[in-house]
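Grab your viewer and work through these exercises on voids and helix packing. Try each task yourself before you read the solution.

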Amino acid sequence: VFFALLSQVLRWSLQCAGPTRQTSGAPAPFSATRRALCSARHDDGSNRRTAAQRVQQQQQQPRAELSLQCLTDEGFSEPQARAVHEAARASTRRSDARVLPSLLALGFNPASIVKLVQLCPELFSVKGSQLQQRVGNLRKLGLVEGSLQRVISYYPQILCVPVKRVSRLVGLLRERCQFTGQQVSSILRDSPGLVQDNLGQVEYMFQYVYFRMGCRQADMVKAKLFRVSLAELQCRHGFLERRGLYQTPDKKGQTLVLNPPLKDILAVSEETYLSKIATATREEFDVFRKLLAREQEEEDEQGEEWSSDEEEEEDEQGEAWSSDEEEEVHIRARDQNTGYNKRKRKH
């Protein structure tokens, strides 16, 4: 009986001790991911990691692969976990699971994260340190909490743009376009896709509105100028100008007609623009759009012809100059061979 009780006590002790350490073979799969993504669950529940702590720890760990188990442990439902996993596979580069704690630390819930990664699978190719640096830069530019989350939700690609690229855009808007810091923040909040546009086109668009239409920076911000394409801007403005409803102000800022505000031209639907601003039909506007496109094509062709003509003129002038120089050299050589100077010295 004593030995039977002793053997039963030993069996209970082994069962309570749990699984023994693995001495051979590879560690359990996705263990690195679970340490990076999954919150640590202690028996007492008093030392649970926060999202910010997980962000700091995951930056120091190697690239982690996604697993459905870790996503479900993080709070994703099974359909959400599968959607995130599919978005990671759709990324053009190798996916990194460390971006998820950063998004969670920003306050996005699992449903919002699913939408973000589906809109922009390239988020998985962004390193955790890069994402934190870009988010910090956006905060410095005036995108505070609330506005920052709305911008990322509307245009998650902004987290894939390097800080230097955003800084060049901000420098253009501040220095060459003379927008204030608060106006730049409003532009980035209303038109975050501007960070990936051509800087030369951005400056040309500003100059067109400033010089051609006579509008100021505050008017551009109110009208959300950079949400409209350059072609649409020129089309709406040109249509009003042809109909005598808009006039470029003179040096004193005066016009013979009362120009409508820029926001009433650009920040409205096409139906509202035609009915209340242009007072025209859609057929008339479509005809003008085609004529404007044809005029721009002709101007581009003429520009190419002028450039080719200028090159030909330069070539002809270069040949004429070279022939004149050669003739002058021959004349000098002929004069030197006449012996006129020798005869003059004799006399």
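**Exercise 1. The largest pocket**

Which helices each supply at least two residues of the lining of the largest pocket?

Solution. Some ground rules come before the steps. This is a predicted model, where local features need pLDDT of at least 70 and side-chain atom pairs count only at pLDDT 80 or more, while totals for chains, interfaces and linings use all residues. Residues are numbered from 1 along each chain as its sequence is written, and side-chain values use heavy atoms, with hydrogens and water left out.

Step 1: pin down the terms. On a 1 Å grid over the protein atoms alone, a pocket is an open set of points with protein on both sides within 12 Å along at least five of seven lines, whereas a cavity is a set where a 1.4 Å probe fits but cannot get out; lining residues have an atom within 4 Å of a point. Points are joined across faces, edges and corners, and a volume is the space filled by probe spheres set on them. Helices are DSSP runs (H or I, at least four residues), numbered from the N terminus.

Step 2: read off the helices. They are α12 (199–212), α14 (230–242) and α17 (282–337).

Step 3: fill in the picture. The pocket holds about 240 Å³ of space. Its lining has 14 residues, and Y208, R212, Q234, L292 and Q296 are the ones nearest the centre.

Step 4: sort the lining by class (Ala, Val, Leu, Ile, Met, Phe, Trp, Tyr, Cys and Pro count as nonpolar; Asp, Glu, Lys and Arg as charged; the others, Gly among them, as polar). You get four nonpolar, five polar and five charged residues.

**Exercise 2. The packing of α12 and α14**

Work out how α12 sits against α14, two of the helices that line that pocket.

Solution. Step 1: take the axes, which are lines fitted to C-alpha atoms, for helices over the stretch in contact, with angles from 0 to 180 degrees between N-to-C directions. Those of α12 and α14 come within 11 Å and cross at roughly 15 degrees.

Step 2: name the arrangement. Angles under 35 degrees count as roughly parallel, over 145 as roughly antiparallel, 65 to 115 as roughly perpendicular and the rest as oblique. So α12 and α14 are roughly parallel to each other.

Step 3: get the handedness, which is left-handed if the near helix is turned anticlockwise from the far one by less than a right angle, and right-handed if clockwise. Here α12 passes α14 in a left-handed crossing.

Step 4: list the contacts (heavy atoms within 4.5 Å). From α12 come Q201, Y204, M205, Y208, V209 and R212, and they meet L230, L233, Q234, H237 and E241 of α14. By class that's six nonpolar, three polar and two charged residues.

**Exercise 3. α14 and its other partner**

Now do the same for α14 and helix α16 (residues 270–278).

Solution. Step 1: the two axes come within 11 Å, crossing at roughly 20 degrees. That angle is why α14 counts as roughly parallel to α16.

Step 2: the crossing of α14 past α16 is right-handed.

Step 3: α14 brings E232, R236, F239 and L240 to the contact, and α16 brings E270, Y273, L274, I277 and A278. The tally is six nonpolar, no polar and three charged residues.

**Exercise 4. Closed voids**

How many cavities of 30 Å³ or more does a search of the whole structure find?

Solution. Step 1: the count is two.

Step 2: the largest cavity encloses about 60 Å³. Around it are F179, S186, I187, D190, S191, M220, V221, K224, L225 and F226. Two or more lining residues apiece come from α11 (181–190) and α13 (217–223), and α11 gives the largest share, three residues.

Step 3: the second largest has about 30 Å³ of space. R134, N137, L138, I158, V161, V163 and V166 line it, with α8 (128–140) and α10 (163–176) as the elements giving two or more.

**Exercise 5. α10 against α11**

Classify the crossing of α10 and α11.

Solution. Step 1: the axes come within 10 Å and cross at roughly 130 degrees. The pair is therefore oblique.

Step 2: the crossing is right-handed.

Step 3: L169, V170, L173 and R174 of α10 meet G181, V184, I187 and L188 of α11. I187 also turns up in the lining of the largest cavity.
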